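Reader: Please take a close look at one strand and its pairings. Then set that part beside other local features of the chain. Keep it brisk.

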Amino acid sequence: MERRVAREFRHKVNLLIDNEAEKDYLYDVLRMYHQSMNLPVLVGDLKLVINEPSRLPLFDAIRPLIPLKHQVEYDQLTPKRSRKLKEVRLDRSHPEGLGISVRGGVEFSCGLFISQLVKGGQADNVGLQVGDEIVRINGYSISSCTHEEVINLIRTKKIVSIKVRHIGMIPVKSSADEPLKWQYVDQFVSDSGEGKGSVAGLASSGGRDNKEKKVFISLIGTKGMGCSISSGPTQKPGIFISNVKPGSLSAEVGLEVGDQIVEVNGVDFSNVDHKEAVRVLKSSRTLTISVVAGAGKELFMTEEERQREARLREQERQELMHQKRLALETNKIIKEQQEKERLRKLEISQKAAEEEERYRREIEQITAEEEKYKKEWEEDWGPKEPPKSLKTVTAEVHPAPHSKHRIDLKGVAHDHLETDDMDEVIMKQDKQGFQKYLEDFDPYSMFTPEQIMGKDVRLLRIKKEGSLDLAVEGGMDSPVGKIVVSAIYEGGAADKHGGIVKGDEILAVNGKILIDSRLTEAQATLAKAWNMGGDWIDLVIAASPPKEYNDEMTFF
């Protein structure tokens, strides 16, 4: 059992971590914990290497390695995450706003995450948490939306429907060129200015660079946009917003003084004059306006604002220089780690070569001694055969090195497996197209990494006693998208075995993979495997995670 847990843990580490230095660090941290048994130090060290959402499953993989007396405390110290979606509704017309700040967007190569909550505000009262990832807004997926587009989408309705899932981490990235980093919620410190300057109570975590954004304005039932436009000077031609009335439609959708209008309802504004621009803006009651934020801001600045802008630019330059120095230091550390890893591998290869050479010499010595013994025996005893016992003992003292085997499984992903005497995979195929597993078979070897990403894969052997009494549902052509257990009937073989429960996904039956099967195909495969010869049926399943949250929660 312990060997199986350790093997599954190593498989998970190899799947989620590519850097060998980080893997070594993780193993060293676990070894030091088993010496000191200091759980808070262990969790703090683990967070340094489990430093992005894709690596969070490692916390679950490490839990079986923790002694039972520490597992409850381990669960309290490690971050909680959930795959379940939660939907809430917020009133945008509330006097205190939505009560949240968010950061992220497709321009930063990450999703949109809640980074701050107003205590006692709308979002806080309906159960939203810092570290929640926003998945849908008003029914629309925002996986490919920029930060500004998400804010504009929120502003399209008075009642905003938001679907989230809790991750427990927040992206940290101050500019599009800076590498994306992640911080745990308990480590995150919000920027002092976050949450200001937005009618929806949202703020971007991006930099101050000019960027194009798109806004949507409906003038039906209103008196106008509430803004003025001006033509730029000769050295900076274009149409710019020169004034925005507080509380107007333009202010509500985020238009600001200095924004350059580049397109309105598909009309290019790069070469239009002021008169034509006014005509286009008044030609429709529904406007789709593309602007470059702040492109002409300096045209409408006072002297004091220009000085403040210069100071901010200097601060940004200093920050960039600081980040560059940090990047150089980080690269130096990485190169040192890579050099250490190269030397470690070189040392291992040298030791392997020396061991191989020592083995070859021993074999030559044994062969020479056998030839000498045989010759002496023939000289003393004539044509009689020499005793074989001495040769057998000698061969057992120096066994040949183990070879590499290629196991070709029909219907199963091909893989090269290195085996030893204690962990050998042997499979036999029968006339029904099924596979039989023998000895200590590793179920992970049947699938590609993409097929079992984040899944707890297990091999079950159920003795054929009476009826299987197991019901399944789903299939590749169903909304579920997979074959899952819908019921376990009391007293049946599945119930007596106790290793499979409702909600588990069935990946394979007697070696036949069901990942892309329809429900009828899966039912037929189970029936055939149960009714054919043999005393056992082999199931490979993906165990369903423990339920810590309700499937869906809606707050009004």
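Author: The answer starts with the general frame, goes to the strand, and then moves on to other parts.

This is a predicted model, in which local features need pLDDT of at least 70 and side-chain atom pairs count only at pLDDT 80 or more, while totals for chains, interfaces and linings use all residues. Residues are numbered from 1 along each chain as its sequence is written, and side-chain values use heavy atoms, leaving out hydrogens and water.

The frame comes first. The chain has 13 helices and 25 strands. These are DSSP runs, numbered from the N terminus: helices are H or I of at least four residues, strands are E of at least two. Of the 556 residues, 35% count as buried. Buried means under 20% relative accessible area, exposed over 50%, and partly exposed in between, with a 1.4 Å probe and protein chains only. The accessible surface of the chain is about 33,200 Å². Carbon and sulfur atoms hold 51% of that surface. Areas come from the Shrake-Rupley method with a 1.4 Å probe; for residues, only the protein chains shown count as cover. Among contacts with a separation of 6 or more, 63% link residues 24 or more positions apart. Contact means heavy atoms within 4.5 Å.

Now the strand: E14, residues 286-292. E14 is mostly covered. Five of its seven residues are buried. Two strands are described here as its partners, E9 and E12. Strands pair if DSSP finds at least two bridges between them.

Take E9 first, residues 212-218. Seven bridges join E9 to E14, and the two run antiparallel. Two bridge positions fix the register. Ile 217 stands opposite Leu 287. Ser 218 has Thr 286 as its bridge partner. E9 itself has two faces. Lys 213, Val 215 and Ile 217 form the covered face. Glu 212, Lys 214, Phe 216 and Ser 218 form the uncovered one. So Ile 217, opposite Leu 287, is on the covered face, while Ser 218 is on the uncovered face.

E12 is the other partner, residues 260-264. E12 and E14 pair in the antiparallel sense over four bridges. Here Gln 260 has Val 292 of E14 as its bridge partner.

Another strand shows a similar pattern of faces. In a regular strand the side chains alternate between the two faces of the sheet. Along E8, residues 181-184, Trp 182 and Tyr 184 point to one face and are buried. Lys 181 and Gln 183 point to the other and are not buried. E8 is joined to E7, residues 169-172, by four bridges, and the two run antiparallel. Pro 171 stands opposite Trp 182.

Next, the loops. Lys 236 lies between E10 (227-231) and E11 (239-244). Lys 236 counts as partly exposed because its relative accessibility is 25%. Leaving aside residues up to four places away in sequence, Lys 236 touches Ala 295, Gly 296, Glu 298 and Leu 299. Lys 236 and Gly 296 are 60 residues apart along the chain, yet their C-alpha atoms are separated by 8.1 Å.

Gln 451 sits in the loop between E18 (435-438) and E19 (456-463). Its relative accessible area is 27%, so Gln 451 is partly exposed. The C-alpha atoms of Gln 451 and Ile 515 are separated by 8.2 Å, with their positions 64 residues apart along the chain.

Two loop residues have an unusual backbone sign. Most residues other than glycine have a negative phi. Ser 109 has a positive phi near 60°. Ser 109 lies between E2 (100-105) and E3 (110-117), and counts as exposed because its relative accessibility is 60%. Met 37 also has a positive phi near 60°. The place of Met 37 is the loop between H2 and H3. At 30% relative accessibility, Met 37 is partly exposed.

That loop leads to the helices. The axes of H2 (residues 20-36) and H3 (residues 39-49) come within 10 Å and cross at roughly 175°. H2 is therefore roughly antiparallel to H3. The contact has 10 nonpolar, no polar and two charged residues. Among the residues making it are Tyr 25, Leu 26 and Val 29 of H2, and Leu 42, Asp 45 and Leu 46 of H3.

Definitions and conventions:
Axes fitted to C-alpha atoms, helices over the stretch in contact; angles between N-to-C directions. Parallel < 35°, antiparallel > 145°, perpendicular 65-115°, else oblique. Nonpolar A, V, L, I, M, F, W, Y, C, P; charged D, E, K, R; others polar.
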